[in-house]
Structures are given as structure tokens and as C-alpha cells.
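Biologist: Please show the sequence and the model, and then let us discuss the contacts between side chains.

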Amino acid sequence: MSKLTPKIGLRAATILVVSVIVGSGVFKKIAPMSAELGSPILVILCWVLAGIISLAGALSTAEMASMYPDSGGEYAYFQKIYGRFFSFLYGWGNFTVMKTASIAALAYIFAQSFNSLVPLADLNLSFIIFGINILDNFSIKILASGLVIMLSLLNYRGITVAESLSSVLTYLMFGAVLLLIILGISSSHGSFENLTQKSSHFNNTSVEGWGLAKAMMLASLGAFWGYEGWNHIGYIGEEVKNPQRNLPLALGFGTGIVILIYVLLNIVFVYILPIDYFIQLNETPNKIAAIEVANQILGKTGVLFVGCLILVTTLNATNSSIMMSARIFYAMSRDGLFFKKASSIHPKFQTPDFSLFIQAIWSILLIWSGSFDQLTDMLVFASFIYYGSTALGVIILRIKSPNIERKYKVVGYPFVPAFFVIFCISLLIITIYNQPKEALMGLGLIATGIPFYLFWKKN
């Protein structure tokens, strides 16, 4: 069986971690988070806590990556810990809901951002299936679908081509984000009162006690969508030089950089506009918080600047997600647990060509299936089932197989992975209770893999 060719080093791997995480979450999710919490301090705290928790997950994943640097990431780890069935459900869940929904959501926000700069035709079409108007926002969905097709074709040409695009876009993103932070902090439109002033909508019903814990957990779904993707680098383990060393370093450095970017940007957002503005903005789904903030700072020039920034970051994150996620399906097919052709490697470009094709098709179907927030809440819930399983696997292997060589060991063991596992369980329980529709949709899509597993196992 031919294998994917190693080509990229630590710098490129770290850039890919950053590029796949910094997508749309930080620019859009502050509105629903504000509606849940009603306090700018709590919103910023939510981003900090979500970042620390994501870093705990990334560091736990880094130990696994140092032990099993194969293509497929958690799919490869889970085979060693939980067996083929659980590993298959993880891979199938990525295909049906987690990674494909992430690609769909990123492409969707790219199209929304483009629409804010160049208004697209509002055709106001309607075609209802299972209570969902699949033709709603028709022009935006057409553009999002076109983006997925274009980037899938680019990745078909090879990892070096796609990685080079990610490098250029990431450096552009760094420069633009730094400029936005400087302009925001120095703007005369900002007010330190905005940082401490709670929403007037929450004056009579203050959030405290268990209500505060529940609101923070629900708001964290938005923050975790912003941090979603830190585990992607493990999917291309076979294409990273010295993966036992470079994968853990890329995970740690990349996630840390993103936490700093997100916290600083949210401080700028709530410094420029009061929390009530973001709560009202939550009622307008096609508006983006960062663009409204930029309008306050620089007027139409700011709108153009941030609109282009969002286009760059979402284009970058979509490209990186497409590049890395397809490797899961390639690894599954190589084990006989996915469509046979998905193990195909293009003889010239050395890319999983058929995996990229079927990933693009399903991502486009998800674009037409629902709204941006439905997609993100569903994929975050499903993802944390497996994120927690990875951290638990670190503990299990430390007990069962202490002599396996580990180039990297998670700091703060066993407290860091145990803390992350407990949080994942809490998040799943609260999401099932408060958002049963999204939770059941995510679980249902994962469960559709069971008959496929039985068929492939038999054959």
C-alpha cells in the first residue's frame, strides 16, 4: 500500500494549526455569547476559559500524536485504545457531521462576509424539506458551495500547494489582526465603561449560581467553535517531518497563539460597542459582529478592511480543514472500513484524491441543510465526545502500556487530561438538556455508520 509523502516541517505544521483554528468564530460568535451572558467581562472570561480547556485538550492530544504519528489522527489512536468499532464511529462521525460540517460552516461564513462587501442577489426562494427551507439564503449557499469545490480542487493538486496558500494567508491574517487590535484600542469611539457595563436586559434577571454555570457552558459552545480544529494536524502525521517532535510542538504553540489572538480581539469588540448592541445583533443572523465594530472605528474603510480580513481567515481555515480532514477517510479506507476508492492516492500529486471528492460532496449537502449556528452547535457537541475520549486514552495507556516510547508527555499529568475529560462530560450533559435537537442530530448522524461498519467488516 502506497503512503502519503512526508514534506512539511515544524513551521509549516504550526501555521496549519493556526490557520485551521482561526476561522469565523471570533468574528461572529460574540453576539450569541453576549445574549447568553449579558456581561462583557463574562464574554471575555468565557473565551479565556474555553482557550485554557482547548489547550488542555491539545496537550493531551499531543502525547497521543507523539506515540502514533499516523495519518488519521484520533482514528489511529482509538484503534489502539478502544478498538476498531469505536475508531470507525469516530471516522464516520467526522465524515457525516464533525469535519464536513466545520468545512460547511466556514464556507458559509466566507459567503456571508463576501455578501457584506458585495451584496448578492436576494432571490427569496423557498423549498421546504423536513421543516427546513433549503433554498433560504440561496446566493450565499451557492457561493459557499463554489468555495468548497475550488479549494478541494486546489488540495487535489498536492499538500505543498495547499500549505503554501495557508502560509501566505496566515501571515496576512496576523498582520491584519494586529492592525485591527491597535486601531481598536486607540480608537476614540471606545469606552472603558463598555467593558464593565452589564446588559440592561439582564438587570432584573441577573445570571448567578447554577444559572451562571449553565449560561457559561452554553456560551462556551460558541467559543469552542472558534477554537475548533486544533486536533487537525494529527490527520497528516505521515506528511510531517519528525512527527514525534513536531506534532506536539505545533499543537502547543499553535493553540497558544490563537488563544492570545481571540482574547485580544474580543476585548477590542466590547471596548468599542456596548454589550446590548451585540445582543440585538444576535437577532440578525447574516450580520457579523466584527464588521459592525470596524464600521464604528473606521466607517466604510473599516468595513472593507475587516470584511477582507474575514474573507482571508475563513478562506484559510476552509482550505486547511479540507486538506487535513480528507486524510481521515483515506486512513479508514486503507483499513477496509470506508468506501474502497477512498484509499486512492493520486500517482502524480500524492494526494487522497477520492477522499477529497466525497468530502466535498457531503460538505456541500450540509451547506444546504441548515443555518450556520445549527451546524456549529451540532459539530461542537459531537466533537467533544471524541476529544474527551482522546484525553481519557492518555490515562488508559499510561496505566496499561507505561513502557511505550513517548517523545512528549502531557504536562500536569494526570490532572490536565482528567480535568479535560470531566469538562467534556459536563458539556455533553448540559448540551443534551438544553439543545436536544442539535445533540440528537449529531448522535443520529454518527449512528448511521453502524450498518456501514457491519457491511464493511463482513466483507
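Modeller: This is a predicted model, in which local features need pLDDT of at least 70 and side-chain atom pairs count only at pLDDT 80 or more, while totals for chains, interfaces and linings use all residues. Residues are numbered from 1 along each chain as its sequence is written, and side-chain values use heavy atoms, with hydrogens and water left out.

Biologist: How many aromatic pairs does the structure hold?

Modeller: Rings of Phe, Tyr and Trp (its six-membered ring) pair if their centres lie within 6.5 Å. Ring pairs link a cluster that includes Phe85, Trp92 and Tyr453. The number of aromatic pairs in the structure is 36.

Biologist: With which residue does Arg398 form a salt bridge?

Modeller: A salt bridge is a side-chain nitrogen of Lys or Arg within 4 Å of a carboxyl oxygen of Asp or Glu. For Arg398, the closest N and O atoms of the pair are 2.9 Å apart, and the partner is Glu63. The pair links distant parts of the chain, 335 residues apart: Arg398 belongs to helix H16 and Glu63 to helix H4 (helices are DSSP runs of H or I, at least four residues, numbered from the N terminus). The partner of Arg398 is thus Glu63.

Biologist: Is Glu63 buried or exposed?

Modeller: Buried means under 20% relative accessible area, exposed over 50%, and partly exposed in between (1.4 Å probe, protein chains only). Because its relative accessible area is 1%, Glu63 is buried.

Biologist: Which residue meets Glu63 in a salt bridge at 3.2 Å, N to O?

Modeller: The residue lies in the loop between H16 and helix H17, so the pair ties together parts that are 343 residues apart in sequence. Its relative accessible area is 10%, so this residue is buried. The residue is Arg406.

Note on methods
Rings of Phe, Tyr and Trp (its six-membered ring) pair if their centres lie within 6.5 Å; planes under 30 degrees apart count as stacked, over 60 as edge-to-face and the rest as tilted. Helices (H or I, at least four residues) and strands (E, at least two) are DSSP runs, numbered from the N terminus.
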